[in-house]
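Thanks for coming. I have one chain to go through today, starting from a single residue and working outwards.

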Amino acid sequence: MKIWKLGLILLLLLGCSSKKEIPFNTKEITVYQQNDFNLDQLIEGDASHFACAPIDFSQPGQQNITCHDSTQEYKDTTLKVTVVDQMAPEIKLTHSRIQLPIGSTYHLEQYIDQAIDEVDGDLTQQVTYVDTINAQKAGTYEVIYTVSDRSGNTGSASLVVDITTFYDEYFDASVLKPEMVEDPNDIHVLVNKTHALSSDYEPKDLTLVYQSQDVYLRQEAAQAYKEFVLAANQQGITVIPFSGYRSYSLQTRLYHNYLDRNGPLYTVSLSAYPGRSEHQLGLAIDISDTWNDPLNASLGQRALGQFIKNEAYRFGFILRYQKDTTAITNYAYEPWHIRYVGKEMAKEIHDRQITLEQYYE
Ligand SMILES: [Zn+2]
């Protein structure tokens with residue numbers, strides 16, 4: 001009885017060991033990510049009845065995984081897998097550009113939001129940077145933050161730091177190196193103290209605006225402006241256009257006139273440095289309901305100010321410099337300055353209650 005049982009077990013064992021291994025083309029493979037592992041490419045013919053244990057992508061280096069044949073024709077077979085991590089960690093900063101007063105102390109680590117690596121996880125604590133800022137000297141500096149993962153992949157992120165003079169909360173943009181606008185003809189474009197137009201940019205389709213002798217906008221904006229005025233008039237609101245397109249040279253004269261007559265605080269809070277004005281785009285217009293001190297903050301409380309705030313977006317305009325957004329736009333409240341961005345974008349900016357700067361964040 002005992003011998004018979006032993007014989008049966010021996011027979012079973014022999015039967016098992018006589019099975020062959022799964023006929024992989026190769027038993028040593030290198031993978032970089034999940035999609036790289038494909039059994040069809042390791043075997044001639046139908047691979048559907050083979051399955052392998054999962055590869056642990058969080059462990060770069062060699063690992064053995066066992067593969068199994070559900071039809072039991074082949075015995076379990078081991079593959080030698082080398083996992084290679086080629087993904088660089090990603091650094092997120094709290095800002096891409098900041099302005100600091102001349103002579104101020106600063107802490108560059110505070111602008112690190114997080115650093116995440118797909119394999120190694122959170123690397124925020126390992127982020128390093130090289131400080132090239134001279135806080136005593138006005139200008140634009142770039143700080144590069146870097147971090148490497150265990151496999152030596154390095155990720156980086158850049159922070160542009162402007163060292164400049166502040167007047168109240170408003171910084172002087174004249175000493176900064178701006179980012180040049182790529183496509184000034186795009187009606188959605190962002191122009192501000194750090195995003196500039198070249199001195200020779202002039203729109204090709206300037207059109208005299210409705211009820212004016214000397215105020216121009218680009219054609220599309222001029223048409224939208226006319227519809228805006230007609231709608232305001234229907235509600236008994238008067239709209240007078242004061243300033244639309246302004247050339248680079250006109251902006252240069254205006255800026256320096258303001259500086260001479262009104263000083264730097266007034267100038268940097270209300271007047272754009274040449275090349276940084278939306279008026280050069282031919283998409284911005286200053287309007288009022290009176291000839292008597294027309295461009296005054298009190299406009300915001302009157303019917304036209306309210307109409308701009310609540311209705312201008314329906315015609316593709318946004319109120320560019322709002323009362324509570326001076327920290328973002330770095331200009332004072334200008335209830336008279338509207339900017340054409342097209343109906344779709346204007347509606348989104350209005351509905352989300354944001355600025356053009358925030359739209360591009
Ligand atoms: Zn304006």
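**One residue, then the whole chain**

Leaving aside neighbours within four places in sequence, I354 is in contact with I349 and Y359; contact here is two C-beta atoms, placed from the backbone, lying within 7 Å. Before going on: this is a predicted model, where local features need pLDDT of at least 70, side-chain atom pairs count only at pLDDT 80 or more, and totals for chains, interfaces and linings use all residues. Residues are numbered from 1 along each chain as its sequence is written.

I354 sits in the loop between α6 (343-352) and α7 (356-359). Is I354 buried or exposed? I354 is partly exposed, because 17 other C-beta atoms lie within 10 Å; 20 or more would make a residue buried, and 12 or fewer exposed, with C-beta atoms placed from the backbone.

Now the long view. The C-alpha atoms of I354 and P23 are 62 Å apart, with their positions 331 residues apart along the chain. The domain assignment, automatic or from a database, gives domain 1 (21-83), domain 2 (90-164) and domain 3 (178-359). The C-alpha centres of domain 1 and domain 3 are separated by 63 Å.

As for the chain as a whole, its C-alpha atoms fill a box of roughly 120 × 50 × 35 Å along the principal axes. Buried residues account for 26% of the 361 residues. Of the contacts between residues at least 6 apart in sequence, 60% join residues at least 24 apart.

Note on methods
Helix = DSSP H or I, 4+ residues; strand = E, 2+ residues; numbered from the N terminus.
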